[in-house]
Amino acid sequence: MSIKTADVIVVGGGIIGSSIAYHLACRHISVLLFEERAPAAGSSGGCDGAVLLQSKKHGLHLQMAIASIKRFAELDEHLPVPIEFERHGSMIVIEHEVESEPMRSFVSQQQKHGVDVSFLNVAEARELVPELSENIVGATFSPNDGKINPIRLNLAFIQGAKQRGAQVMVGETVEHIEIIEGKVCGISTSRGTYSCKILVNAAGALAPKIGRMVNIDVPIKPRRGQILVTQAVEPLARCCMLSAGYIAAKFNPEIAHQSGHGVSIDQTAKGNILIGSTREFVGYNRQTTFAGMAKIASRARQIIPRLGTLDVIRSFAGLRPYTPDGLPILGSVEALEGFIMAAGHEGDGIALSPITGELIAQLIADEEPSISLEPFNLSRFADRGL
């Protein structure tokens, strides 16, 4: 049996892996993309598709997000599948006085770093979203934020990569990584053997499994997020909405302890409302739970009371690939030549997929990276004793 050969093998056909395959194929680099289940069957299909700047902490995350969001409009023109990218803005709702001053400081920092975001009083917030509770304290609003259909984006990257010569292997599980003289040279899967010069670990929450095959510790843990889907209704949430508690839960645990964990609310083009999301360390369990659903439903009703009158038609959950410092792991791994990491984006994989694909492709093509990958390198955890 002949052995298929490519310059690069990408393990993981979700949003990150498919973006990398697409950007490599655009550079005429031969690539094999492996997905053990199906595109969008994992975390890329288990999320709400928000593409936000104002939720990102200033620094590396925000720098990546600004670079990424600029690319979505261009991708919408060049990818073979419509990705439904829309910019209706985003709102962060402040429900408790204890959140008000920290959010003002957060907005000030965002503005200094180039994000178009403003602080709204209650009247201004309810003018934008009349269904908001009268009990809110205020809100922030960013007009340039938006949303995308994550399943379509995943499929679009894959189709775009295939059109440019990439091969996509669906239903194949990587079982072994071949190493010769300290360098990756290929893999064996449930169906065959393949050779390569470079392997990219873009397996998301399953990235540690791939790392273990080559004795590399990848400090990523799955973090479950449950989402509710309501019946379709007329526009209620005219923009993507987060509670300030959601930001607190990400960046300031002390506020989260005082005001409770946050919630996200987003309405699809067809009128269904997506309500999320829990943040649970439960291993690789993707089941939804009554307790988790009840919690986020209760929180959402406090922001938009009318949500309590709507029927929930289904629920689903995804596993965010969590890292200890909240940043993705990107770049070459010093311990093994030809092994590259591209995982650990947690809940920002959709928003950061265009820039991640471009950066990894630049690295492989020996181009000058548009953003330095050094702060994202796996070695940072060894430096911190993690």
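Two strands count as paired when DSSP finds at least two bridges between them. With that in hand, here are some exercises on this predicted model.

**Exercise 1.** Work out how β10 and β11 pair, and where β10 sits in its sheet.

*Solution.* Start with the bridges: β10 and β11 (residues 183–189) share six of them, in the antiparallel sense. For one concrete position, look at Val-174, which stands opposite Thr-189 in β11. Next, read the strand order of this open, four-stranded sheet, β1-β12-β11-β10, where the pairing is mixed. Finally, β10 (174–180) is an edge strand, as is β1 (4–5), and each pairs on one side only.

**Exercise 2.** Find the edges of the eight-stranded sheet, then check the pairing of β15 with β16.

*Solution.* First write down the order: β6-β7-β5-β15-β16-β17-β14-β18, an open sheet with mixed pairing. The edge strands are β6 (118–120) and β18 (312–322), each pairing on one side only. Neighbouring strands here are turned by 20° against each other on average, direction ignored. Now zoom in on β15 (residues 240–243) and β16 (residues 264–267): they run antiparallel and are joined by two bridges. Pairing needs at least two bridges, so this pair qualifies. Leu-242 has Ser-264 in β16 as its bridge partner.

**Exercise 3.** Which strands do helices α3 and α9 touch or lie across?

*Solution.* Take α3 (residues 97–112) to begin with: the helix lies across β5 (90–94), β6 and β7 (138–142), and runs at about 155° to β6. Then turn to α9 (residues 290–303), which packs on the sheet and touches β5, β14 (221–230), β15, β16, β17 (273–276) and β18. The direction of α9 makes about 60° with that of β14.

How values were computed: Residues are numbered from 1 along each chain as its sequence is written. This is a predicted model: local features need pLDDT of at least 70, side-chain atom pairs count only at pLDDT 80 or more; totals for chains, interfaces and linings use all residues. Side-chain values use heavy atoms; hydrogens and water are left out. Axes are lines fitted to C-alpha atoms, for helices over the stretch in contact, and angles run from 0 to 180 degrees between N-to-C directions. Contact means heavy atoms within 4.5 Å.
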